[in-house]
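Colleague: Could you take me through one part of this model up close? I'd like the whole story in one go.

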Amino acid sequence: YTVTQADLDAVTFSNQALATGTPPSGPNVTDLSDDNSNTENDPTVTPICQDASIALIKVADVTLDPTGNCYDVALGGTINYVFTVTNTGDVTLTDIDVTDSGVVMSGGPISLAPGASDSTNFTATYTVTQADLDAGTFSNQALATGTPPIGADVTDLSDNNSNTEND
């Protein structure tokens with residue numbers, strides 16, 4: 001049997017065989033399989049391990065000049081963020097959401113099949129303050145959360161260029 005995505009999402013595969021025999025006389029005899037008894041007819045349920053995981057990349061629209069100075073950040077100006085969420089696991093994730101403190105978020109929740117990415121649903125805007133200008137930076141991280149078919153939600157802190165780091 002070849003395991004399907006539906007089996008991974010269900011975390012089990014259940015099936016049952018039918019044995020048929022022809023006696024010397026009379027009708028054929030049949031029996032449905034059981035996983036541990038000759039007198040019962042329960043299907044064989046095979047557990048399938050799942051590996052649910054999620055990754056988040058967050059990118060700002062701030063442009064730097066060749067000397068490293070910001071072109072477009074001023075008091076009261078906005079920093080726009082785009083988020084790419086990727087299902088890096090082997091089961092479908094539902095109710096995927098992105099949270100990011102201190103910014104105005106939009107988008108979600110969504111579902112993603114294994115290997116699928118979305119870079120259009122989640123966006124955020126931040127308004128630059130005097131404290132940000134005095135510090136010369138604004139730094140924060142977003143959190144992606146997704147729900148696998150079974151088990152605890154999976155999460156990932158955002159990174160700005162990698163699905164394997166959290167900085």
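In which sense do β7 and β9 pair, and over how many bridges?

Modeller: They pair in the antiparallel sense, over two bridges, and two is also the least DSSP must find for two strands to count as paired. Before going on, keep in mind that this is a predicted model: local features need pLDDT of at least 70, side-chain atom pairs count only at pLDDT 80 or more, and totals for chains, interfaces and linings use all residues. Residues are numbered from 1 along each chain as its sequence is written, and side-chain values use heavy atoms, with hydrogens and water left out.

Back to the strands (DSSP E runs of at least two residues, numbered from the N terminus). Leu-93 stands opposite Leu-112 in β9. The wider setting is an open sheet of four strands, ordered β9-β7-β12-β13, with antiparallel pairing. β9 and β13 (154-157) are the edge strands, each pairing on one side only. On average, neighbours in this sheet are turned by 30° against each other, direction ignored; the axes are lines fitted to C-alpha atoms.

β7 (93-100) and β9 (110-112) also each supply at least two residues to the largest nonpolar core, a set of 19 residues. Such a core means buried Ala, Val, Leu, Ile, Met, Phe, Trp, Tyr and Cys joined through side-chain atoms within 4.5 Å, with buried meaning under 20% relative accessible area (1.4 Å probe, protein chains only). Ile-96 and Val-98 are among the residues with the most contacts inside this core, as is Tyr-81; contact means heavy atoms within 4.5 Å. β6 gives the most to this core, with four residues.

Note on methods: Buried means under 20% relative accessible area, exposed over 50%, partly exposed in between (1.4 Å probe, protein chains only). Axes are lines fitted to C-alpha atoms, for helices over the stretch in contact, and angles run from 0 to 180 degrees between N-to-C directions.
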